[in-house]
Amino acid sequence: QVQLVESGGGLVQAGGSLRLSCAASGFGVGIPTMGWYRQAPGKQRDMVATITSRSETNYADSVKGRFTISRGNAKNMVYLEMNGLKPEDSAVYYCMLQLGYPRWGQGTQVTVSS
């Protein structure tokens, strides 16, 4: 079955940077659409960035110009480079893989202090 393992979260000061990684397995052949979502306490889970099999990217307006999603040389790796972090970026970040329906990782906490 599909497994997604996120890493790279942590505590950072406002203006700082973090890089999240997601390792996917069990999705078979092909290059699925993958992405990052985030969920803050008491809020819904929102899209942060997605990347298609052709490396087309899409970003939430709130992170455009600050975050960059990319794939590794291995098709099973997706990264989220986060720069200029703000306290409102604090959330649990989830890796998503689209295979029929969205599959989710366990999430990694990002906390940005002011």
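**Strand pairing and buried charges in the predicted model**

Strands E7 and E8, the latter spanning residues 77-82, are paired in the antiparallel sense through 5 bridges. The model in which this pairing is found is a predicted one. The two strands E7 and E8 make up a hairpin, and 5 residues lie between them. Across this pairing, Thr 68 faces Glu 81 of E8, while Ile 69 has Leu 80 of E8 as its opposite residue. Strand E7, which runs over residues 67-71, has two faces: Phe 67, Ile 69 and Arg 71 form the covered one, whereas Thr 68 and Ser 70 form the uncovered one.

The hairpin belongs to an open sheet of 4 strands, in which the order is E1-E3-E8-E7 and the pairing is antiparallel. E1 and E7 are the edge strands of this sheet, as each of them pairs on one side only. On average, and with direction ignored, neighbouring strands of the sheet are turned by 15° against each other.

Each of the edge strands carries a charged residue that is buried. In strand E7 this residue is Arg 71, which is buried and yet has no salt bridge, the nearest side chain of opposite charge being that of Glu 56, 9.5 Å away. The side chain of Arg 71 does, however, have backbone oxygens as partners: a polar atom of this side chain lies 2.3 Å from the backbone oxygen of Pro 32, and the backbone oxygen of Thr 52 lies 3.4 Å from a polar atom of the Arg 71 side chain. When residues up to four places away in sequence are not counted, Arg 71 touches Ile 31, Pro 32, Thr 33 and Met 34, then Ile 51, Thr 52 and Ser 53, and also Met 77, Val 78 and Tyr 79.

In strand E1, which covers residues 3-7, the residue concerned is Glu 6. Glu 6 is likewise buried without a salt bridge, and the nearest side chain of opposite charge, that of Arg 45, is 7.4 Å away. The side chain of Glu 6 is instead found beside backbone nitrogens, reaching that of Cys 95 at 2.8 Å and having a polar atom 2.9 Å from that of Gly 107. Once the neighbours within four places in sequence are left aside, the contacts of Glu 6 include Ser 21, Cys 22, Trp 36, Tyr 93, Tyr 94 and Thr 108.

The last of these contacts, Thr 108, lies in strand E11, which comprises residues 108-113. Although Thr 108 and Glu 6 are 102 residues apart in sequence, their C-alpha atoms are 6.2 Å apart in space. Thr 108 has a relative accessible area of 11% and therefore counts as buried, since the cut-off for this class is under 20%. The side chain of Thr 108 reaches the backbone nitrogen of Gly 9 at 3.3 Å. Beyond its neighbours within four places in sequence, Thr 108 is in contact with Glu 6, Gly 8 and Gly 9, as well as with Leu 20, Ala 91, Val 92 and Tyr 93.

A further residue of note is Ser 55, which is placed in the loop between strand E5 (46-51) and strand E6 (57-59). Ser 55 is not a glycine, but its phi is nevertheless positive, at about 65°. The relative accessibility of Ser 55 is 46%, so this residue counts as partly exposed.

Notes
Residues are numbered from 1 along each chain as its sequence is written. This is a predicted model: local features need pLDDT of at least 70, side-chain atom pairs count only at pLDDT 80 or more; totals for chains, interfaces and linings use all residues. Side-chain values use heavy atoms; hydrogens and water are left out. Buried means under 20% relative accessible area, exposed over 50%, partly exposed in between (1.4 Å probe, protein chains only). Lys and Arg count as positive and Asp and Glu as negative; His and the chain ends are not counted. A salt bridge is a side-chain nitrogen of Lys or Arg within 4 Å of a carboxyl oxygen of Asp or Glu. A polar contact is a pair of N or O atoms within 3.5 Å; within protein, one must be able to donate a hydrogen and the other to accept it, and residues adjacent in sequence count only if both atoms are side-chain atoms. Contact means heavy atoms within 4.5 Å. Two strands pair if DSSP finds at least two bridges between them. Axes are lines fitted to C-alpha atoms, for helices over the stretch in contact, and angles run from 0 to 180 degrees between N-to-C directions.
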